[in-house]
Amino acid sequence: MKSLKIGVCGVGNVGGAVLDNITNAPDIVRDNGGVNIEVSQVGARKGKSVVPFDLDVTTNLMDIAANSDIDVLVELIGGCDLAKDLVEESIRKGKNVVTANKALISTHGDELFQLAKDHGVQIGFEASVAGGTPVIKALREGLVANKVNWFAGILNGTTNYILSKMSDDNSSFEDALKEAQDLGLAESDPTMDVDGTDAAQKASILSALAFNTPFDFRSVSYEGIESVSSDDILYAEELGYSIKHIAYGSIEGDEVHVSAYPTFVSNDQLLSQVGQQMNALEISCDGIGSTVYYGPGAGPKPTASAVIADLVDIANGGWPETGSAGKKNKLLKEGKQEFSRYYNLEVKNEAGAIAKVSALFAASDISIEALIQKESKQTNQEQSHVPVIIITGPLSDLNALQMLENLGSVEEITNSVKQFRIHNAL
Ligand code: HSE
């Protein structure tokens, strides 16, 4: 039986679950993976008191990178500062690395993989995208015979949990976020989940594998779910949609566009059924068409499952090098893909207001597919403005932004207009 000595840096939710699995259920990994994993050292900045196992603990995490007894450093501290130093030093010392750190991979992936190549070691990062759902393995192994054309998916468990709770239980945003944090789904700073950064980082990692682009989440266009209100969720339901945070990636020639936005998904689409903290990813390829991956994308056990899968792969020889190094495609912020749109506006309750708004859409050659304006129920006093919901035909992000700007200059519109994409079955 092969054996692997590991050093685990970070004993938060995920680190704790990795140690728990290896310590309490080693037989499963031995039986299924043919590997005996031994934890040689644990790095915990708060010391031995936070490690509920009888293991060698150091408060200086760089000790693990320097420990010549260790084959693989498991980086679970997150962020790009100490984590980057740890990973680089481990690689220079000839160690393989396994990480769940999407911020690190999506920001410094290119230089880290080059460094690893130079030193003949490997970096496993299955846990960085979709937690326990093996989408990285699918892209670099299972689908290796196919050209990927596009992917679409729900990549952040926390925001999916929040949107599901707001929709299913009428929870407030704050209560749902607190529950997601209590379940260990959210990042230590949940801003990264809520503002879309986490999903953008994951989407850029998928893009690097699917389309051979640089690891660069800053070239992803994205927004979070902060602007989604309970009213939007109610309107979505009324119109036969759910609101999901959806990441897209597509390639045309050597140009790749990756984006992640709150998106209306028709209830007859598969992605609308992905609730709670679940992730889902559809990958469409030339050869075989679409394949879909669904499963837990956040939380200690799913993430630990992906970390351990990488450890087993490393013990069994790791992953083959790709032949495309140095021939990267371009990752561009501006995409040509068109989406139908949802607009949420408030207009003055006066004659001609709706006519003016619809004329503006007509002038931009945008077709209105549905429009909701509810009768005012106030009896004692005339309502000064009324909400109006408009669903349009398809338009690009650039044209959608232009339309928002145009609507902003209409005197009869009294709110700051909101716009969301509507998922197209690509
Ligand atoms: N905070 C992340 C999420 C954890 O909610 O998806 C997994 O990366």
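No disulfides are present in the structure, which is a predicted model. Cysteine 9 takes part in no disulfide, and the nearest cysteine sulfur, that of cysteine 80, is 15 Å away. Because a disulfide requires the two sulfur atoms to lie within 2.5 Å, the separation of 15 Å rules out such a bond between cysteine 9 and cysteine 80. Cysteine 9 has a relative accessible area of 0% and is therefore buried. Cysteine 285 is likewise buried, since its relative accessibility is 4%.

The protein chain is assigned three domains: domain 1 spans residues 2-124, domain 2 combines 135-296 with 327-332, and domain 3 covers 339-422. Between the C-alpha centres of domain 1 and domain 3 the distance is 52 Å.

An open sheet is built from six strands in the order β3-β2-β1-β4-β5-β6, and the pairing is parallel. Its edges are formed by β3 (57-58) and β6 (123-124), each of which pairs on one side only. At the β6 edge, strand β5 (residues 96-99) is joined to β6 by two bridges, with the two strands running parallel. Within this pair, valine 98 of the chain is placed opposite glycine 124 in β6. Helix α12 (residues 300-315) packs on the sheet, where it touches β1 (2-9), β2 (35-43), β4 (72-75), β5 and β6. The direction of α12 makes an angle of about 160° with that of β5.

A helix pair is formed by α13 (residues 353-363) and α14 (residues 397-408), whose axes come within 11 Å and cross at roughly 150°. The crossing of α13 past α14 is right-handed. On the α13 side the contact is made by Val357, Leu360 and Phe361, and on the α14 side by Met403, Asn406 and Leu407.

Two residues other than glycine with positive phi were examined. Alanine 130, with phi of about 65°, is located in the loop between β6 and α6 (135-142). At a relative accessibility of 2%, alanine 130 falls under the 20% limit and so counts as buried. Glutamine 276 has phi near 55° and belongs to the loop that lies between β10 (255-266) and β11 (278-285). Its relative accessibility of 33% is neither under 20% nor over 50%, so glutamine 276 is classed as partly exposed. Alanine 130 is thus a buried loop residue, whereas glutamine 276 is a partly exposed one.

Note on methods. Residues are numbered from 1 along each chain as its sequence is written. This is a predicted model: local features need pLDDT of at least 70, side-chain atom pairs count only at pLDDT 80 or more; totals for chains, interfaces and linings use all residues. Side-chain values use heavy atoms; hydrogens and water are left out. Two strands pair if DSSP finds at least two bridges between them. Helices (H or I, at least four residues) and strands (E, at least two) are DSSP runs, numbered from the N terminus. Contact means heavy atoms within 4.5 Å. Axes are lines fitted to C-alpha atoms, for helices over the stretch in contact, and angles run from 0 to 180 degrees between N-to-C directions. Buried means under 20% relative accessible area, exposed over 50%, partly exposed in between (1.4 Å probe, protein chains only). Domain bounds come from an automatic or database domain assignment. A crossing is left-handed if the near helix is turned anticlockwise from the far one by less than a right angle, and right-handed if clockwise.
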